[in-house]
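Student: I'd like a close look at how the side chains are arranged in the interior of this protein. Could you take me through it slowly, explaining your terms as you go?

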Amino acid sequence: MGHTATAQAGSGGLTATEHRLANGLRVVLSEDHLTPVAAVCLWYDVGSRHEVKGRTGLAHLFEHLMFQGSKNVSGNDHFELVQGAGGSLNGTTSFERTNYFETMPTHQLELALWLEADRMGSLLAALDDESMENQRDVVKNERRQRYDNVPYGTAFEKLTALAYPDGHPYHHTPIGSMADLDAASLEDARTFFRTYYAPNNAVLSVVGDIDPERTLAWIEKYFGTIPAHDGKQPPRDGSLPDIMGEQLREEIVEEVPARALMAAYRLPHDGTRECDAADVALTILGSGDSSRLHNRLVRRDQSAVAAGFGMLRLAGAPSLGWLDVKTSSGVEVPDIEAAVDEELARFAAEGPTAEEMERAQAQLEREWLDRLSTVSGRADELCRFAVLFGDPQLALTAVQRVLDITAEEVQAVAAARLRPDNRAVLVYEPIAADETDGPDDTDESAGNGDENEGAEQ
């Protein structure tokens, strides 16, 4: 079979076995016979951090090109074959990876594996100028719809550019620039594919109602003959000092429904205890109606209609804490900012209460268990920990790591990092501030860095 000996670990009854094909493809299998479905997830170790200046957006463009046909699958047939078999599928691009995934009825698992192998092994046979132009236009239209033409749509891009200095591999977002998308040639795309879409640069996980031996045999049959490629360069160094050292600010006057304060704080790298502690801190401070910022700004002061504090976990660069506050009508941003700083300083000085720790850890535990309980969620997390941290088993012990965090660790990371001199700030001012009403609460523009391929196909 060409695969290594099995490794195994468990969490709450969940297990995963690891294998490696002779061409370097890493395979992770996890049996779950609760429902007659199987999830296939394929992570390629390529994201926008691997791109070079002048050629941004190639990772995301390629995610679209992967749905445009391969040697044995033409045009839109990948979508039609999966959906016709009762399955669902998608793909996304982030700073650190590109992933593709299908969830299928168990008896259609072989089809999904064949489809993924066909495009990994033969996409270049179908890649031509027509498909390149077609998807270039799709991506540019996606950029207009999700970034350029919606209220607060460019906040994620602007904050990222502020938080990571020019030349840093995370300075630009996965969507890419219009100019770079126009400049990308067919040969650029072919070189990108050869370099990054190789079996030795990928992790394949299959989770669900599977027979592991038969599944491995299919994987060997369809993926085993795809040659490895050794031309990949490691991503550029994304490390930065723990603290920005100054507050970076930008004010934007646009047609937005309300004034807004958004900020990105530099936080510890994913995969560290300090990152888990920061996650607990931000959950206490800004996740949900019981959070400190919601209680202070929305409930008590009524100076904001929405206040949230979330986390973008990153492995190859400092993670970011995303603050997003939409003001009530007539409230000035400096008043909001002063209240936020007061709450963060109080939290750093006093730390969380025992009740807050219990509630936040229970919330994070529930989110993790919800994710691991679905075959698609577990498949994705097994790939994530394999690609970013070298060990898929870490996905099965992530819950315990969050529960092990102490109140002292939460207070320490808040005191060290949630400071005015460690943030990039965006202030939104409506063009006619006195004529605008408060927004509805549906826009969450500070996203997770994923560019979703999805339903426009």
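Tutor: Happy to. Let's begin with a definition: a disulfide here is a pair of cysteine sulfur atoms within 2.5 Å. This is a predicted model, in which local features need pLDDT of at least 70 and side-chain atom pairs count only at pLDDT 80 or more, while totals for chains, interfaces and linings use all residues. Residues are numbered from 1 along each chain as its sequence is written, and side-chain values use heavy atoms, with hydrogens and water left out.

Searching the whole structure for disulfides gives 0. Take Cys383: its closest cysteine sulfur is that of Cys41, 4.0 Å away, which is too far for a bond. Cys383 is buried, with a relative accessible area of 0%, and Cys41 is buried too, at 1%. Buried stands for under 20% relative accessible area, exposed for over 50% and partly exposed for what lies in between, using a 1.4 Å probe and protein chains only.

Now for the rings. Rings of Phe, Tyr and Trp (its six-membered ring) pair if their centres lie within 6.5 Å; planes under 30 degrees apart are called stacked, over 60 edge-to-face and the rest tilted. The structure has 18 such aromatic pairs. In one of them, Tyr44 and Tyr100, the ring centres are 5.9 Å apart and the planes are at 80 degrees, so this pair is edge-to-face. Tyr44 belongs to strand 4 (residues 37-44) and Tyr100 to strand 6 (residues 98-105), so the pair ties together parts that are 56 residues apart in sequence. Helices (H or I, at least four residues) and strands (E, at least two) are DSSP runs, numbered from the N terminus. Tyr44 is buried, with a relative accessible area of 0%, and the value for Tyr100, also buried, is 0%.

A tilted aromatic pair is formed by Phe67 and Phe79, with 5.0 Å from centre to centre and 50 degrees between the planes. This pair links distant parts of the chain, 12 residues apart: Phe67 is in the loop between helix 1 (58-65) and helix 2 (77-84), whereas Phe79 is in helix 2. Both of these phenylalanines, Phe67 and Phe79, are buried. Step back, and Tyr44, Tyr100, Phe67 and Phe79 turn out to belong to one aromatic cluster, which also includes Phe62, Phe192, Phe193, Tyr196 and Tyr197.

Some rings have a charge over them, meaning that NZ of Lys or CZ of Arg is within 6 Å of the ring centre and within 35 degrees of the ring normal. Arg97 has its charged end over the ring of Trp43, 4.9 Å from the centre. Arg384 does likewise with Phe385, at 4.5 Å from the ring centre.

Helix 2, which holds Phe79, also packs against helix 3 (residues 109-122), with an angle of about 170 degrees and axes 10 Å apart. That makes helix 2 and helix 3 roughly antiparallel. The axes are lines fitted to C-alpha atoms, for helices over the stretch in contact, and the angles run from 0 to 180 degrees between N-to-C directions. Angles under 35 degrees count as roughly parallel, over 145 as roughly antiparallel, 65 to 115 as roughly perpendicular and the rest as oblique. His78, Leu81 and Val82 of helix 2 make the contact with Leu111, Leu115 and Arg119 of helix 3, where contact means heavy atoms within 4.5 Å.

A second helix pair has another geometry: helix 9 (residues 273-286) and helix 12 (residues 354-373) pack at about 110 degrees, their axes 9 Å apart. They are therefore roughly perpendicular. On the helix 9 side, Asp279, Val280, Thr283 and Ile284 meet a set of helix 12 residues including Met357, Ala360 and Leu364.

Both helices also help to cover helix 10 (residues 292-300), whose buried residues are Arg292, Leu293, His294, Arg296, Leu297 and Val298. The cover for those residues includes helix 9, helix 12, helix 11 (333-350), strand 10 (304-312) and strand 11 (319-327). Just beyond, in the loop between helix 10 and strand 10, lies Gln302. Gln302 has a positive phi of about 55 degrees although it is not a glycine. Unlike the buried residues above, Gln302 is exposed, with a relative accessible area of 57%.
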